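Trainee: Could you take one part of this model and go through it closely? I would like the contact between the two chains, with enough of the surrounding chain to place it.

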Amino acid sequence: MKDNKKKKLLILLLISFVALGAFANGQGETDTIKIGVAGAHSGDLASYGIPSIKAAELVVDMYNAKGGVLGKQIELVIEDDVCKPEVATNTAAKLVGENVIAVIGHICSGATKAALGIYKNEQIITMSPSATNPPLTKSGDYPNFFRTIAPDDAQADVEVAFAVDKLGLKKIAVLHDKGDYGKGFAEFCNALLETKSGVEVVLFEGIQVGAVDYSAIINKIANSGAEALIFGGYHPEASKLISQMRKKNLDIPFLSDDGVKDDTFIKVAAEYAEGVYATGPVDTTSNPMAIKATEDLMAKYGEEPGAFFLNAYAATVAVINAIEKAGSTEYAAIDAALKSEYVETPLGKISFDKNGDAIGVGFAVYQVQNGAYIQLK
Amino acid sequence: MNFEYFFALLLGGLTRGSIYALIALGYTMVYGIIKLINFAHGEIYMIGAFTALIIGGALSFTGMNPVLIFVIASIAAIIYSAAYGVTLEKLAYRPLRNAPRLSALISAIGMSIFFQNYVLLAQTSDFLPFPTLLPRLKILALIEHLISTTQLLILISTAVVMILLTLLIQFTKMGKSMRATSQDKQMAQLVGINVDNVISMTFLIGSATAALGGVLISSHTGQINFYIGFIAGIKAFVAAVLGGIGSVPGAVLGSFILGLTESFGTGYISSDYEDAFAFIILILILIFKPSGLLGRKENEKV
């Protein structure tokens, strides 16, 4: 008797699940196009994720006011992943359950990677405004992945191209600070330099962060016959290195990364900073669309744009534009549109290459001139 | 073999060794007299550098001769740090003089963390530029790739400090009392030596040399922040142990060995292992001569 009741209850529960599922499905296919927004919206990295929600909302409001896309209104489904890979898989599963056709996010490279497998199986376009880890696109494992930020190795590309092609350097010393970021950058540079004919990496070493002085390594650079130094790391070591180099009359070009493209570097290294090259994201603050996006944000939320706001704005515009151009919400059609159509964004006119990296987004070389970083053409 | 390169590394190693030596003196003297490892010593060095930065920065608005500013800033740093050293001893170590040694050691670590955070809050966590006060000497123009003005100054100042200190310890009444106190504190007290004064004096001298080291290195590298005392302090401590902690010539010898090892290690092997070289030497010495190079083996008193 009791067993029977339990069985009945179980069957009832199962039926209700199926029914609810069907209901949810049915609703998803009716009148809106759903786009997910995933990333850290709480926790200590929330400042990286929240601007992307606001960017997506601004873009979607703009499109909806004009009648939406493909005759349907766009609906955002916002999910938090706290930048944690283990949470990101749940976030992704939830968004899949909501039948989103594309996702703006995730924010952190680790969380993005964890979520990507799920989206890939469900054929959902995923576009991150901020995940810079190179293999996400380059490995070819995630054909559904796109990003509106340049990957870490793109910076090394720009640096090496500038050093070899523009400055015509043949013998280069590469130093790094042994940290994840600095060493990664230096290794990318080293690998790229080795592919260039006639260019020699005369020195590749890590320096001791916080050492009392760097005279030994500077003597070593001088002795190696290097024509330039590429340094991967942050500005405190860079300013120590450059001032000691100049004091020792080692007047070779100093090239570095966006950890050094910081005004503190100029303040600390003072006159020795003059002439230093550093790569950094291309400055797009004067782009009319970027100015408008920032004004809209101020008007609606009364806030300054936070981290990756423009990248997220560009990602949302790119996704919706691709849906519009494809005339469909099918994965293959959107994918093809993203890779063939150019779109006007706050980052400039962009499209995507076969790996999913944005074409037209990237790094530029800056040089310290008269105490300020100037973007070189 | 490239002789010029060897010479540049040698001078670089001596410079680094000089800085370690100026700090290591404080460790070794304090240990020699009260058997305490003063872990807040690196922070005294850092405070010295900050004092010089503040005084130097303020004076540079007056349009005074930069070299004169440097001298005034150095003297101010030495006086201020010496006052810190003496106060540190009075507040944190004197009440614990008869407590177990471990208590004083923990007090020292506490003071180190306190000083770091105090400077962090009072100043900033950013790196600050140290004003360039010393002109580049013209006579060095040809060999500037071997040795810079600041390096030369470091070498000369260290040599002068070493000579003065040796004279003080060997030939003055205070030096004699210091040696006596380090041999047997109780006995020294019985023959009429004011042990408290001797200990204060030790902290004063040690802090003063550390502050001088701080000023010199800051003008050499051109930047400081609140954390510079930590690594420099640890290295100087290693140097003091290497030479035999408690022995003044030992600390100097250990410092130069450490500085030269790091410099030649970087120059001929790789800077990837710069810190490793220092600690490998330390381990080897401690295995084969546990009391350090010039350390005396102490007989336990019965």
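Mentor: What follows covers chain A in outline, then its contact with chain B, then a few individual sites.

The model is predicted. Chain A has 13 helices and 15 strands, and its C-alpha trace spans about 90 × 50 × 40 Å along the principal axes. Of the 377 residues in chain A, 53% are buried. Taking contacts in chain A between residues at least 6 apart in sequence, 67% join residues at least 24 apart.

Now the contact itself. The area buried between chain A and chain B is about 2,800 Å², and carbon and sulfur atoms give 47% of that area. On the side of chain A, V212(A), K247(A) and K248(A) lose the most area to chain B, together 24% of what that side buries. Chain A puts 30 residues into the contact and chain B puts in 37 residues.

As for polar interactions, the rule finds 19 residue pairs in polar contact across the interface of chain A and chain B, counting pairs with both residues at pLDDT 80 or more. The elements of chain A that give two or more residues to the side touching chain B are strand 7, helix 8 (215-224), helix 9 (235-247) and helix 10 (263-269). Helix 9 of chain A supplies the largest share of that side, seven residues. Sorted by class, the side of chain A that touches chain B has nine nonpolar, eleven polar and ten charged residues. The rule finds one salt bridge across the interface of chain A and chain B. R16(B) forms a salt bridge with D213(A), and the closest N and O atoms of the two are 3.1 Å apart.

Strand 7 (200-206) of chain A also has a part in covering helix 7. The cover over the buried residues of helix 7 of chain A includes this strand, along with helix 6 (152-166), strand 6 (171-176) and strand 8 (228-232) of chain A. The buried residues of helix 7 are G182(A), G184(A), F185(A), A186(A), C189(A), N190(A) and L193(A). On the spacing of such positions, an α-helix has 3.6 residues a turn, so residues three or four places apart point the same way. The length of helix 7 can be checked as well: at 1.5 Å a residue, its 16 residues (180-195) should span 22 Å, and its end C-alpha atoms are 23 Å apart, which agrees.

Three single residues remain. T112(A) sits in helix 4 (residues 109-122) of chain A and is buried, because its relative accessible area is 1%, under the 20% cut-off. A polar atom of the T112(A) side chain lies 2.5 Å from the backbone oxygen of C108(A). Beyond neighbours within four places in sequence, T112(A) is in contact with H106(A), I107(A), A131(A), L136(A) and F145(A).

Y342(A) lies in the loop between helix 13 (331-340) and strand 11 (343-345) of chain A. At 43% relative accessibility, Y342(A) counts as partly exposed. Not counting residues up to four places away in sequence, Y342(A) touches N321(A), K325(A), K349(A), I350(A), S351(A) and I359(A). Y342(A) and F352(A) are ten residues apart in sequence, with their C-alpha atoms 8.2 Å apart in space.

In chain B, T261(B) belongs to helix 10 (residues 248-269). T261(B) counts as buried, since its relative accessibility is 19% and buried means under 20%. Leaving out residues up to four places away in sequence, T261(B) touches F277(B) and I281(B).

How values were computed
Residues are numbered from 1 along each chain as its sequence is written. Chains are lettered from A and ligands numbered from 1 in the order in which they are written. This is a predicted model: local features need pLDDT of at least 70, side-chain atom pairs count only at pLDDT 80 or more; totals for chains, interfaces and linings use all residues. Side-chain values use heavy atoms; hydrogens and water are left out. Helices (H or I, at least four residues) and strands (E, at least two) are DSSP runs, numbered from the N terminus. The expected span of a helix is 1.5 Å times one less than its number of residues. Buried means under 20% relative accessible area, exposed over 50%, partly exposed in between (1.4 Å probe, protein chains only). Contact means heavy atoms within 4.5 Å. Buried area is the accessible area (1.4 Å probe) that two parts lose on being put together, summed over both. A salt bridge is a side-chain nitrogen of Lys or Arg within 4 Å of a carboxyl oxygen of Asp or Glu. A polar contact is a pair of N or O atoms within 3.5 Å; within protein, one must be able to donate a hydrogen and the other to accept it, and residues adjacent in sequence count only if both atoms are side-chain atoms. Ala, Val, Leu, Ile, Met, Phe, Trp, Tyr, Cys and Pro count as nonpolar, Asp, Glu, Lys and Arg as charged, and the others, Gly among them, as polar.
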